[in-house]
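Here is a set of exercises to work through with the model open beside you. Try each task yourself before reading its solution.

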Amino acid sequence: MVDTDWADEVRTLARERDAVILAHNYQLPEIQDIADHTGDSLALSRLAAASEASTIVFCGVHFMAETAKILAPDKTVLIPDAAAGCSLADSITADQLRAWKAEHPGAVVVSYVNTTAEVKAETDICCTSSNAVDVVASIPADTEVLFCPDQFLGAHVKRLTGRDNMHIWAGECHVHAGINGDQLAERVAAVPGAELYIHPECGCATSALYLAGEGVVPAEKVKVLSTGDMATAARHTSATAVLVATEVGMLHQLRRAAPGVDFQAVNERASCKYMKMITPEKLVRSLREGTDEVDVPAATADAARAAVTRMISIGH
Ligand code: 13P
Ligand code: SF4
C-alpha cells in the first residue's frame, strides 16, 4: 500500500526541483509506481536524452545514472544512493579493456550499457539487452568484434548473429548467473503449459533453448527478452502462466501489464541488492537535498558519448 503522504511529498518536491523521476524495472514497487517513467535500460537512456526537465532523478544503479549524465551533461543527475553499484559493471575495468583491444587491433568494441563511464570511453558502440543483436549485426561481417562484459548475453548474440569473429569477455551478473538450468527445468515441470520469459543475462538462457530443442517446451513459448520487451510481451500474451527468469522486481511491472496472468519467478531469491538500495526514504532525501549528484569527468563523458549515442539510435 503506497503511503499517500509520501507520494504527495515526492510529487511536490519533484515539481519544485523541475525533476523527472526515472525508474528501472527492478526497483521496489513503490518506486516504480511513483516514477514518471519505468522501463528498461534502453528506454530510460532515451528518456534521459530527450527529457526537458533540468534534473533527472535516476532510480536505478550507478552506471545508469552515469549514462544519463553522459547523454545530458548540462542537466543535474541525481541517484538516491550513489553506492548502488553493479557486479556486472565491475567485471571489466578500462585497463583490462585497453589490454584486450591491444591484442585485437582493428576490432570493434561493443560494450553492454552495464559498464562504467571509463569503459564506455574505450568503446565503439554500447548496447543494451534489447538492441544487442541489432548493434552487433550493424558491424560489417568481416570485422572482428570484442563484446563485453556479459558472457551470457554475448553467447545469445553470437548464436543469433551466427558470427564466429566475435570474442566475448567472461563477465557476469551475480543475480542472473544464479538463475540456472536446473531451476528452470524444475519450474517448467511444475507449471506445464507456461510461457518462458528469459533475460539474456541469465545462466539458464542456453538451457531454455535446449528445452525448446528437446520439445519439452514448444519453441514459440520460449522468449529471450529485455525487461522492457517482457512488459510488452505481457500486454499481448494469451498464456495463463508465465515463468520469469530475471530479477524479481520485474514481476511487479508484469503483473501491472497483465493482471490476469500468473507470473512466477524461476528463482524467487534473484533479487539485486544494489537495485533495492533505492528506498522511498532515500528518494525523498534525494529530492529534498539534491543528493547524490552524479558527475562524469568531461573528458570521459566526451569520449563515451559517441558510443552511447549510437546505442540509443539502434533498435526499437
Ligand atoms: P534491461 O532492463 O535493459 O533488460 O537490463 C537489465 C539489467 O540487467 C539492468 O541491470
Ligand atoms: Fe547489475 Fe545484475 Fe543488479 Fe542488473 S541485476 S544491476 S546486472 S548486479
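**Exercise 1. Describe the surroundings of Thr123, beginning with its place in the fold.**

Solution. Step one is location: Thr123 sits in the loop that runs between α6 (117-120) and β6 (125-127). Helices (H or I, at least four residues) and strands (E, at least two) are DSSP runs, numbered from the N terminus. Before going on, note that this is a predicted model, in which local features need pLDDT of at least 70 and side-chain atom pairs count only at pLDDT 80 or more, while totals for chains, interfaces and linings use all residues. Residues are numbered from 1 along each chain as its sequence is written, and chains are lettered from A and ligands numbered from 1 in the order in which they are written.

Step two is burial. Thr123 counts as buried because it has 27 C-beta neighbours inside 10 Å. The cut-offs are 20 or more other C-beta atoms within 10 Å for buried, 12 or fewer for exposed, and anything in between for partly exposed, with C-beta atoms placed from the backbone.

Step three is contacts, meaning C-beta atoms, placed from the backbone, within 7 Å. Apart from neighbours within four places in sequence, Thr123 is in contact with Val109, Ser111 and Ala307. Finally, compare sequence and space: Thr123 and Ala303 are 180 residues apart in sequence, yet their C-alpha atoms are 8.7 Å apart.

**Exercise 2. Is Leu146 buried or exposed, and what does it touch?**

Solution. Start with the element: Leu146 belongs to strand β7. Next, count: 21 other C-beta atoms lie within 10 Å of Leu146, so this residue is buried. Leaving out residues up to four places away in sequence, Leu146 touches Trp100, Lys101, His104, Ala107, Val109 and His167. For a distance check, take Pro29: Leu146 and Pro29 are 117 residues apart along the chain, and their C-alpha atoms are separated by 36 Å.

**Exercise 3. Classify Asp262 and Asp18 by exposure.**

Solution. Take Asp262, which is in strand β12 (residues 262-265). It has 13 C-beta neighbours inside 10 Å and therefore counts as partly exposed. Its contacts, neighbours within four places in sequence aside, are Thr240 and Ala241. Now turn to Asp18, in the loop between α1 and β1. Asp18 counts as exposed because 12 C-beta neighbours lie inside 10 Å. Check its backbone too: phi of Asp18 is positive, about 55 degrees, although the residue is not a glycine.

**Exercise 4. Work out which residues of α14 are buried and which are exposed.**

Solution. First, find the buried residues of helix α14 (residues 280-289): Leu283, Ser286 and Leu287. They lie on the same side of α14, because they cover an arc of only 90 degrees around the axis; the arc is that of the directions from the helix axis to the C-beta atoms. Second, look at the other side of α14, where Glu281 and Glu289 are exposed. Third, ask what covers the buried residues: the elements include α1 (4-17), β1 (19-24), α2 (29-34), β3 (55-59) and β4 (76-78). Last, follow the chain onward: Gly290 comes after α14 and has a positive phi, near 70 degrees.

**Exercise 5. Find where the cis peptide bonds at Pro149 and Asp292 lie.**

Solution. The bond joining Cys148 and Pro149 is cis, with omega about -5 degrees. Pro149 is in the loop between β7 (145-148) and α8 (151-161). The bond from Thr291 to Asp292 is also cis, with omega near -20 degrees. Asp292 is in the loop between α14 and α15 (298-313).

**Exercise 6. Which residue classes surround ligand 1 and ligand 2?**

Solution. Use these classes: Ala, Val, Leu, Ile, Met, Phe, Trp, Tyr, Cys and Pro are nonpolar, Asp, Glu, Lys and Arg charged, and the others, Gly among them, polar. A residue is near a ligand if its C-beta atom, placed from the backbone, lies within 6 Å of it. The shell of ligand 1 includes Asn25, Asp40, Asn114 and Glu201. By class, this shell has two nonpolar, eight polar and two charged residues. Around ligand 2 are, among others, Val61, Asn114, Glu247 and Met275. That shell has eight nonpolar, three polar and one charged residues.

Definitions and conventions: Contact = placed C-beta atoms within 7 Å.
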